[in-house]
Amino acid sequence: MGPDGAGGRLGAARVLLWGLAAVLAVRQAASVLRLPPGEWLTGIHLPILAGSLYDSGQFTGTPFAGMVLKPLAGLADQSLEVAWTLATLLLVAAVGLVAARGLPDPVPRRTALLAAPVLVALMMVSLPVREAAFPGQTAVLPVLLVLLAVFRVPGERPAGFLVGLAAALQPALLLFAPLLWTTGRRAAARSTAVTFAGAFLLAFAALPRDSWTYWVDHLAGTGLGGSPEGLANQSLHGALLRLGLTGPAEIGLYVVLAGAVAYVGLRRAVRYARDGQLLLAVAVTGCVAVAVSPTGWRHQLLWVLLAVAGRVGRRAADRPVWPVAVVLVMTLPNQVLLPNLAALAPVRDNVLLLTALLAACAVPFLPRSSPYWREPVPTSYGRPATARWSRIPLLPFWRRVLSRPNLLLELLLIRVGYSLYSHIRAAAPTSRTLAEDNASAILSAEQALGMDIEYAVNQVVARTGWLEGFFNFYYTSFHFVVPLSILAVLYWRRPADYRWARASLGLATVIALFGFWLFPLAPPRLMPGLGFIDTVHGPQDLANPQYGAMTAISNQYAAMPSLHFGWSLWCGIVIVVLAPKGWQKLLGALHPLITVCAIVATANHWVLDAVGGAVVVGAGFGLVYVLSGSRRVHLKLPVQRTSDERPRRAPARTP
């Protein structure tokens, strides 16, 4: 395709991305403007005329911020609510535009055109912006002021004035003064200090009692706006309190850790600034500021999202790991990222802080002098395979990757994908009447086909102790263990086949969600009057609409298709196709056979549910074939060079 065609595609993509950013902005505005003006204004937590800023204990801003915002508390009309919301969203768009201009040179043309709308769209759905759009939150403005000072304002003193103004709203941002000083912008650093001191004195003169309360009684706002150990406080101080540390020991450890983070983070920021990666230096310094502040609120963590400007990894396949991880952390709830296990609580509750600390102190961002900064090690792809059946076209955009994917990215995507699947499944229709009517229709179809064996099998197993124990154990034990074990072995031993197997399993699971939503189905054990025995969960109180504790765990009517059988069939197919030994293939073939017996014997599924599971698994494998061709691909071996430097390609082989 010529340059004109490529430019047209980039232009269309840019328009679409800006349209997406606008839609997300409208959605965010709508979620805020649902509040009535009176209720919205109470969120500022400021007295209307007289009284202290901090009497309620809910206002978290500095005295300078309170002095600026306090006159707004006397207003109570719709126009202020609309103006505040629109101003916040416009500030977010401005942050995206300025940050995109701050990417280090050389910037590829595609990145230059798409960086701003992509960043704005991501910020619109990020947790900091979702919280900053509500009244009284000024976290976006300091970010914009710092970015303008670093990238757009030409003079040193005006730039320092903007940074000092940002520090007056968020005191920890004074850490930008050392960054400016050590990178040669000493006039800007002095201007920052003078501006902050002037704002401090002005607020102290106008609001002496409030200034004393904020700076002395609460040690720079600690404890305002809620308990300092609350999850909203994503700072080192808050994390130590959540771990159970209190008193002088906690304060001493906090001071030591904050000093170490500030030292390491600022050294890294200075190094990146001198390397020409100013945006990364700004992001690292912002992450340090939030982490070491006594209270680092979630709406102040927009700096973490800017840290995606750094490049991590020598391989091209590793480049998406850091930006994808940051985007997931900044947009998804903690419960989606990590399971609700007590052992993971310290990580889950502090995931935003940990990400900021990683960006500030640990992530090995590449310097621009690295040979891998511009040209990472390329990914190996298989040659496109021809379609076995000419009527099934292959879609060429899904190329078969031969190298092993990044483990961290795989684990993160699998966890997030399964969590989203669980939420969508749980939200599927749960109408008892509809589910029982569908079950009656399934039973009638099976009777017509002569395959209604569920009741007879269930009764025999329930009366035979060893059979009941075996099928109960098999049903509850191997549903997750076997697929995960197969994926782990393939990831380590056969990475190209791992991608093929993982894609087919993922697509089959997504297709199954349509069945859960379109055809809610009561399993045999929840059908009243049919006499089925729930051998796994025990007797169910069918008079109770909630059916006991199991309903709180998962959607009991998400039964068609049966993924219990579907996943086992996927396991069997993968083992039979890929296992090198006959006995391994035999075990793989037995697994779905035993599973279908288990789901029927325990009264958890109808026989036709298993048929549905087989259909979605077949569809998953079929879609992978349509998108990427046959599992067997020809290797694209790297070019070898002879002694006279003329390239020759090694002969291809078929795995």
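In the predicted model, Y418 is partly exposed, with a relative accessible area of 33%. Y421 has a relative accessibility of 8% and therefore counts as buried, the limit being 20%. The two residues lie three places apart in helix 20, a separation of about one helical turn. The rings of Y418 and Y421 form an aromatic pair with 5.6 Å from centre to centre and 40 degrees between the planes, and the pair is classed as tilted.

Y421 also takes part in a link to a distant part of the chain. The C-alpha atoms of Y421 and L513 are 7.8 Å apart, although 92 residues separate them along the chain. L513 belongs to helix 24, which covers residues 495-518, and is buried at a relative accessible area of 10%. When neighbours within four places in sequence are left aside, the contacts of L513 are with Y421, I424 and R425.

The protein chain as a whole contains 28 helices and four strands. Of its 655 residues, 48% are buried. Contacts between residues at least 6 apart in sequence were also examined by separation, and 75% of them join residues at least 24 apart.

Aromatic pairs number 18 in total. A pair of aromatic rings is described by the distance of the centres and the angle of the planes. For F196 and W215, the ring centres are 6.4 Å apart and the planes stand at 90 degrees, so this pair is edge-to-face. F196 is located in helix 10 (residues 186-206) and W215 in helix 11 (residues 208-217), so the pair ties together parts of the chain that are 19 residues apart in sequence. F196 counts as buried, with 16% relative accessibility, whereas W215 is partly exposed at 25%. Both residues also belong to a cluster linked by ring pairs, which consists of F196, F200, F204, Y214 and W215.

Two arginine residues place their charged ends over aromatic rings. The charged end of R271 sits over the ring of Y272 at 5.4 Å from the ring centre. The charged end of R311 sits over the ring of W373, and here the distance to the centre is 3.8 Å.

The largest nonpolar core comprises 92 residues. Within this core, the residues with the most contacts are M123, L147, F176, W303, L306 and W322. Helix 14 (residues 278-292) contributes twelve residues, the largest share. A second core, separate from the one above, has 39 residues, among them I486, W500, V574 and V617. In soluble globular proteins, nonpolar side chains tend to be buried together. The surroundings of W303 were examined with neighbours within four places in sequence left aside. On that basis W303 contacts P142, V143, V146, Q170, L173 and F176, and also V282, A283, G286, C287 and V290.

W322 is part of helix 16, where it is one of the buried residues. This helix spans residues 321-331 and is mostly covered, with eight of its eleven residues buried. Besides W322, the buried positions are V321, A325, V326, L328, V329, M330 and T331. The elements that cover them include helix 5 (109-125), helix 6 (127-132), helix 15 (302-306), helix 17 (334-337), helix 19 (351-362) and helix 20 (407-426). T331 lies in helix 16 and counts as buried at 16% relative accessibility. Apart from neighbours within four places in sequence, T331 is in contact with L122, V125, S126 and R130.

Helix 19, one of the elements covering helix 16, also meets helix 13. Two packed helices are described by the angle between their axes and the distance between the axes. The axes of helix 13 (residues 247-274) and helix 19 come within 7 Å and cross at roughly 60 degrees. Helix 13 is therefore oblique to helix 19. On the side of helix 13, the residues that meet helix 19 are V261, V264, G265 and R268. Their counterparts in helix 19 are L357, L358, A359, A360, C361 and A362.

Note on methods
Residues are numbered from 1 along each chain as its sequence is written. This is a predicted model: local features need pLDDT of at least 70, side-chain atom pairs count only at pLDDT 80 or more; totals for chains, interfaces and linings use all residues. Side-chain values use heavy atoms; hydrogens and water are left out. Buried means under 20% relative accessible area, exposed over 50%, partly exposed in between (1.4 Å probe, protein chains only). Contact means heavy atoms within 4.5 Å. A nonpolar core is a set of buried Ala, Val, Leu, Ile, Met, Phe, Trp, Tyr and Cys residues joined through side-chain atoms within 4.5 Å. Rings of Phe, Tyr and Trp (its six-membered ring) pair if their centres lie within 6.5 Å; planes under 30 degrees apart count as stacked, over 60 as edge-to-face and the rest as tilted. A charge sits over a ring if NZ of Lys or CZ of Arg is within 6 Å of the ring centre and within 35 degrees of the ring normal. Axes are lines fitted to C-alpha atoms, for helices over the stretch in contact, and angles run from 0 to 180 degrees between N-to-C directions. Angles under 35 degrees count as roughly parallel, over 145 as roughly antiparallel, 65 to 115 as roughly perpendicular and the rest as oblique.
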